[in-house]
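This report concerns helix packing and charged side-chain pairs. Please consult the sequence and the model while reading.

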Amino acid sequence: MALLNDEKRNGNPKATSVRIQSDTVSGYSGQRRHDLRIGPQPKYVDPERSPLNRTLLEPPFPAVMKAIATKRRAKRETQRAMKSNFAIATAGIITFGSQAAQMFEALSEEDQDRAFRLLARAIAMRLRTSLHGLVVHRDEATIYAHFTLSSHNRDGMPLSKSTRPAVLPGLQDLTAQVMQRFCPDIERGNRYGERLAAEADWSDIIHKSVHKLHRELPLDLAAKQAQLDALAADEETARARVAKMEERVAKLTQKTDLTTREVKRLATYQKRLEDRNAELEQVLSASQAAQIEAERLGALAAESRAREEAKTAEAIAKSAAMATAMSALTEEVAAETLHRTPAGKITAKSPERLKPAHPEIVPAVQAAVSLVEHSRQKRRDAEAAACAIHEERKALAEEREAIAREWSA
């Protein structure tokens, strides 16, 4: 399974991008089952949302794609016979940055499907091949679409050879142009050179940053797992081919007298055994590299989960602290134990219950102090008014007594 498009880390949350890779029979079979949600699926797939997926063009069975690839390959002259693990399909995926996904998901389903169809067909035309499958997924971290192309162009050349490096950035330009017809604010992903010119860290460009690209991580894990499954099948096939050829070589080498024809056959078998061992070594090397990358992506996923869990725990603790602080603040207001010093500092009876909720609770504390001060001022005004009334009544009583005495005299 050869990765054709490596311009996937664009560092732009408003960007949309496309990736393509060639698939063998086993690889395409696994990809098709994943696209159509056949059989067990990865844990990051939400089965309750799977009914929201849309099959715009059902991917054919592997036998159909193999027949198409075989027919197209026959259009050109070839020196070697077709390998058992040759690519029969090219799988593609259309993804979005975090902000671009929000823009695209705001469209109606009809417009989303139109955009996916238009882009998939445009890519097929650009690569001079044909579109055979298109599935929209809504049951993962964000919306995206899988599409299936024939692995050979109309001249019979495999896309892995006909797709020059200069063509691949053009697919990103094409992706942005098509999507901008539906979401004008969507942008093209930044190229490596542009990001390096802007003094971006090279490791941040090449290796996925969890806090920037965590939305794509489940997709990459799925692609890497599919690649590992395909490589495992390729390894099994390669080992069987090596064992078969070793058996043929062993039978001939055990003979004491070989005819001229058998000597030539033995030389042919030994050469084939060398080639098959080389193929097996290549598959083992690719499998090891894929396993290392899968472990790296798994570590990033674990780190992402740990961060999310830490954020959740922090939010829960903060929520509990806020509840405690608001309860304490209510009690302080009722008891009027909040005070403001001449220097403007706020004091409370139980400051240890309020501090854990800082700084979020500061506006509420200031409002509470103002409320308590206003309450105190109203009570002082009421007491002063009561005192003045009492003095007036006292003076009036004294005046009445004086009048009474005067009248008696």
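In this predicted model, helix 1 contributes V25, Y28, S29 and R32 to a contact with P62, M65 and K66 of helix 2. Sorted by class, the residues of this contact comprise four nonpolar, one polar and two charged. Helix 1 spans residues 25–35 and helix 2 spans residues 62–73; their axes lie 10 Å apart and make an angle of about 135 degrees. Helix 1 is therefore oblique to helix 2, because an angle over 145 degrees would be needed to count as roughly antiparallel. The handedness of the crossing between helix 1 and helix 2 is right-handed.

The second topic is charge pairing. Side chains of opposite charge can pair when their charged atoms come close. The structure contains 14 salt bridges, and the table lists three pairs, including their closest N to O distances.

| Salt bridge | Closest N to O distance |
|---|---|
| D111 and R114 | 3.1 Å |
| K251 and E247 | 3.8 Å |
| K318 and E360 | 3.1 Å |

D111 and R114 both belong to helix 4 (residues 109–126), where a spacing of three residues separates them by about one helical turn. Their salt bridge has its closest N and O atoms 3.1 Å apart. D111 is partly exposed, at 25% relative accessible area, and R114 is likewise partly exposed, at 49%.

Helix 10 (residues 217–253) holds K251 and E247, which are four residues apart, or about one turn of the helix. What is the exposure class of K251 at 54% relative accessibility? K251 counts as exposed, because the class begins over 50%. E247, with a relative accessible area of 47%, is partly exposed.

The salt bridge between K318 and E360 joins their side chains at 3.1 Å, N to O. K318 is in helix 11 (residues 260–335), whereas E360 is in the loop between helix 12 (351–354) and helix 13 (362–408), so this pair ties together parts that are 42 residues apart in sequence. K318 has a relative accessible area of 27% and is partly exposed; E360 is also partly exposed, with a value of 44%.

Beyond these pairs, R37, D139 and E140 are joined into one network by salt bridges that share partners.

Key: Residues are numbered from 1 along each chain as its sequence is written. This is a predicted model: local features need pLDDT of at least 70, side-chain atom pairs count only at pLDDT 80 or more; totals for chains, interfaces and linings use all residues. Side-chain values use heavy atoms; hydrogens and water are left out. A salt bridge is a side-chain nitrogen of Lys or Arg within 4 Å of a carboxyl oxygen of Asp or Glu. Helices (H or I, at least four residues) and strands (E, at least two) are DSSP runs, numbered from the N terminus. Buried means under 20% relative accessible area, exposed over 50%, partly exposed in between (1.4 Å probe, protein chains only). Axes are lines fitted to C-alpha atoms, for helices over the stretch in contact, and angles run from 0 to 180 degrees between N-to-C directions. Angles under 35 degrees count as roughly parallel, over 145 as roughly antiparallel, 65 to 115 as roughly perpendicular and the rest as oblique. A crossing is left-handed if the near helix is turned anticlockwise from the far one by less than a right angle, and right-handed if clockwise. Contact means heavy atoms within 4.5 Å. Ala, Val, Leu, Ile, Met, Phe, Trp, Tyr, Cys and Pro count as nonpolar, Asp, Glu, Lys and Arg as charged, and the others, Gly among them, as polar.
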